[in-house]
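This report describes one region of a protein model, taking its strands before its helix. The sequence and coordinates come first.

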Amino acid sequence: MNTWDTFIRNVELWCASVGVNLLSVITKALIITVIGLLIIRIVIKIINKLLTKSKLEKAAHSLIKTVLRTILGALLGLIVASSIGIDVTGIVALASVLTLAISLALQDMLANLIGGFTLLYTHPFGSGDYVEIAGQSGSVLEIGMAYTKLNTPDNKIVSIPNKAVVAAEIVNYSVTGTRRVDISISASYDTPAQQVIDTLVSMADLPCVLDTPEKPYAILTGYGESVVNYTLRFWVKTEDYWTATFEVNQNLKAKFDAAGVKMSFPHLNVHIEK
């Protein structure tokens, strides 16, 4: 009898000595594992349907499902261990100690996880909202376990740690559905102020510009060393903000030229007295 046969025989004798059939133990464990995985899959599908029908933002769905899947997986592991005769009390105690040690070592990760749940509870933004967080601007793609993902206007994906999102000032440009466009423009002192103001207001005559909460208007905001400063303001839907801004800026010079409004640049007038 070779070494391998001896090992197998010893295993069989050990199993017999404790009154356990090795094949039945493995079969039982496999059956429980398969049934458990099927149950987890069914539960996740049910939760997914409930989340879809709920008013909770889609950006939060992945976080909830990931946490739930982790908890159910851990419970299944304990059930399988118990089914093959392992004392799970010791495992639970050991897991508690390990959890404490891991929590101390992974404080940032836990802070991000807690931050994710804080965002779900406080709901400062939703999926698809255009926001500005910690100096980054973009549309919200997902609130994950550790990161909130933004899609920037130039199609970059920015991942911001949830703890940083919670601590940062959050500007949500989409929550009200409309947004005011402010365009600062300078003109020459040689052009009457009312002529500049009338020309600026006419430039806001665009299909996407709204009459509410107020109609387009322009104001004189200050006097510079070489120019007079004006601001044009008008309201649009959030999704039309950049389109309207770019269109006004693109047509500004041509509109000023057509209206006889002189633009200016920094210059210095020198007067020589004889």
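Tyr217 has Arg233 as its bridge partner in strand 9. The model that shows this pairing is predicted. Tyr217 belongs to strand 8, which covers residues 217-223 and runs antiparallel to strand 9, with 6 bridges joining the two. The connection from strand 8 to strand 9 is a hairpin through 4 residues.

Strand 9 has other partners besides strand 8. Strand 6 is joined to strand 9 by 10 bridges, and these two strands run antiparallel. Within strand 9, Trp235 stands opposite Arg180. Strand 7, residues 209-210, also pairs with strand 9 in the antiparallel sense, over 2 bridges. Here Val209 stands opposite Val236 of strand 9. The table sets out the pairings by strand.

| Partner of strand 9 | Sense | Bridges |
|---|---|---|
| Strand 6 | antiparallel | 10 bridges |
| Strand 7 (residues 209-210) | antiparallel | 2 bridges |
| Strand 8 (residues 217-223) | antiparallel | 6 bridges |

Strand 9 is mostly covered, with 7 of its 10 residues buried. Strand 9 (228-237) also takes part in covering the buried residues of helix 8, and the cover includes strand 6 (178-187) and helix 7 (193-203) as well. The buried residues of helix 8 are Tyr241, Ala244, Thr245, Val248, Leu252 and Phe256. In an α-helix there are 3.6 residues a turn, so residues three or four places apart point the same way.

How far apart are the end C-alpha atoms of helix 8, and what span should its 19 residues have? Helix 8 comprises residues 241-259, and at 1.5 Å a residue the expected span is 27 Å; the end C-alpha atoms lie 25 Å apart, which agrees. Helix 8 also contains a kink of about 45°, centred on Leu252. Leu252 is itself one of the buried residues of this helix. Just after helix 8 comes Gly260, with a positive phi of about 75°.

Gly260 is also a contact of Thr191. Thr191 sits in the loop between strand 6 and helix 7. Is Thr191 buried or exposed? Its relative accessibility is 7%, so Thr191 counts as buried, the cut-off for buried being under 20%. Leaving aside residues up to four places away in sequence, Thr191 touches Val196, Tyr230, Gly260, Val261 and Lys262. Of these contacts, Val196 falls within the range of helix 7 (193-203) and Tyr230 within that of strand 9 (228-237).

How values were computed:
Residues numbered from 1 in each chain as written. Predicted model: local features only at pLDDT ≥ 70, side-chain atom pairs only at ≥ 80, totals over all residues. Heavy atoms only, no water. Expected span 1.5 Å × (residues − 1). Bend = angle between axes of the 7 residues up to and from the residue. Buried < 20%, exposed > 50% of the residue type's maximum accessible area, 1.4 Å probe, protein only. Contact = heavy atoms within 4.5 Å. Pairing = 2+ DSSP bridges.
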